[in-house]
Amino acid sequence: MRVIQISDTHLSAEHAFFRANNEAVRQWLAAQQPDLIVHTGDLGMDGAADATDLAMAATWNTGFAAPVLCVPGNHDVGDVAAIRPDQTVDDARLATWRAHLGPDRWAVDQGGWRLIGLNAMLLGSGHAEEARQFDWLAEALRSDAPVAVFLHKPLFIDHPAEGPRGYWTVTPEPRQRLLALLASAPVKLIASGHLHIHRHLHHAGIDHVWGPAASFVCGDSQEDLGGARRLGAVVHEFGPDRVTSQFVRPDGLADLTIEPVGNLIYGRPEPVE
Ligand SMILES: [Fe+2]
Ligand SMILES: [Fe+2]
């Protein structure tokens, strides 16, 4: 089974800065024959503020040979209040996501694997959906098949026991709760987006793969987090009990950074991954 992971398209009806990169990835993806496509979030540039970007993302997801399953990013449904008190994940944003892109969490059995998509933006939010997602996940993990998990934010940067990493990862308390739950099942892969960095780390029997963005990378607004700041996609080949993950850079991508236009788009100078 072949699954192509794309991430962080940051599609925008208003801003065209990264549209050529989006199109380069779209054309490459349309020529592939995967069994499944997974988008690990930030489909829209600012869908948490303007549903137009999520509508555009829903359209962009059509026209491929394989189904596209998506998990939401901070720019799709908002973030936890500690990170974005002005744009928190809430009922209205979740409803808008679901109206345009379907469930924000999902589990599918395919190719002898159980593939699980999680809404990372609920983790640490305190929203009622956070508890429901944990209950749902406990059931979804009742699997003898190997499991792969897809979510927007990585669980950690360097080590599962590290402290808070601010904007960049799931916060420590829900991280530990999630890892303890995932330890109850044969989880082999955790694939994420958000950082606009590609990296592959193996820890305690699990491959942690950071999927690169399909829009822009970050420059000085992002501290060194390891990995490689490069644009592209990841092809995951699922074997009987392990997965190999290969970085791919489609033709036509330009190495654009967010800094020259970040303030124009988001109206703030902070990192916007
Ligand atoms: Fe993000
Ligand atoms: Fe992003």
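## A tour of the predicted model

Begin with strand β5, residues 113–117: five of its five residues are buried, so the strand is largely enclosed by the rest of the structure. The model on screen is a predicted one.

**Stop 1: the two faces of β5.** Keep β5 selected and show its side chains. In a regular strand the side chains alternate between the two faces of the sheet. Which residues of β5 lie on each side? Trp113, Leu115 and Gly117 are on one side, Arg114 and Ile116 are on the other, and all of these are buried, so that both faces are covered.

**Stop 2: the neighbours of β5.** Add strand β4, residues 106–110. β4 runs antiparallel to β5, and five bridges join the two. To find the register, pick Val108, which stands opposite Leu115 in β5. Then move to the turn of this hairpin, where two residues lie between the strands. Gly111 takes a positive phi there, near 60 degrees.

Next add strand β6, residues 147–150. In what sense do β5 and β6 pair? They are parallel, with four bridges. Leu115 again serves as a marker, as it stands opposite Ala148 in β6. To get from β5 to β6, the chain passes through helix α5, residues 128–140, in a right-handed β-α-β crossover.

**Stop 3: Asp144.** Stay in this region and select Asp144, in the loop between α5 and β6. Is Asp144 buried or exposed? It has 8 C-beta neighbours inside 10 Å, and a residue with 12 or fewer is classed as exposed, so Asp144 counts as exposed. Now select Ala185 as well. Asp144 and Ala185 are 41 residues apart along the chain, while their C-alpha atoms are separated by 7.5 Å.

**Stop 4: strands β7, β8 and β9.** Select strand β9, residues 206–210, and then its two partners. Strand β7, residues 187–192, pairs with β9 in the parallel sense over four bridges. Within that pairing, Ala191 has Val209 of β9 as its bridge partner. Strand β8, residues 199–203, pairs with β9 in the antiparallel sense, over five bridges. Here Leu201 is matched with His208 in β9 as its bridge partner. The hairpin of β8 and β9 has two residues between the strands, and Ala204 takes a positive phi near 50 degrees in it.

**Stop 5: the open sheet.** Select β3, β2, β1, β10 and β11. These five strands form an open sheet, in that order, with mixed pairing. Which strands are at the edges? They are β3 (68–70) and β11 (243–248), each of which pairs on one side only. Turn the sheet to look along it: the twist averages 25 degrees from one strand to the next.

Inside this sheet, pick out β1, residues 2–6, and β10, residues 233–238. They pair in the antiparallel sense over four bridges. Ile4 stands opposite Val235 in β10.

**Stop 6: helix α2.** Finish with helix α2, residues 51–60. Its buried residues are Asp53, Leu54, Met56 and Ala57. Look down the axis of α2: these buried residues fall within an arc of 155 degrees, so they line one face of the helix. To see what covers them, add α3 (74–77) and α4 (91–101), which are included in that cover.

Note on methods: Residues numbered from 1 in each chain as written. Chains lettered and ligands numbered in written order. Predicted model: local features only at pLDDT ≥ 70, side-chain atom pairs only at ≥ 80, totals over all residues. Pairing = 2+ DSSP bridges. Axes fitted to C-alpha atoms, helices over the stretch in contact; angles between N-to-C directions. Buried ≥ 20, exposed ≤ 12 C-beta atoms within 10 Å, placed from the backbone. Right-handed = clockwise from strand over helix to strand, strands pointing away. Arc of directions from axis to C-beta. Contact = placed C-beta atoms within 7 Å.
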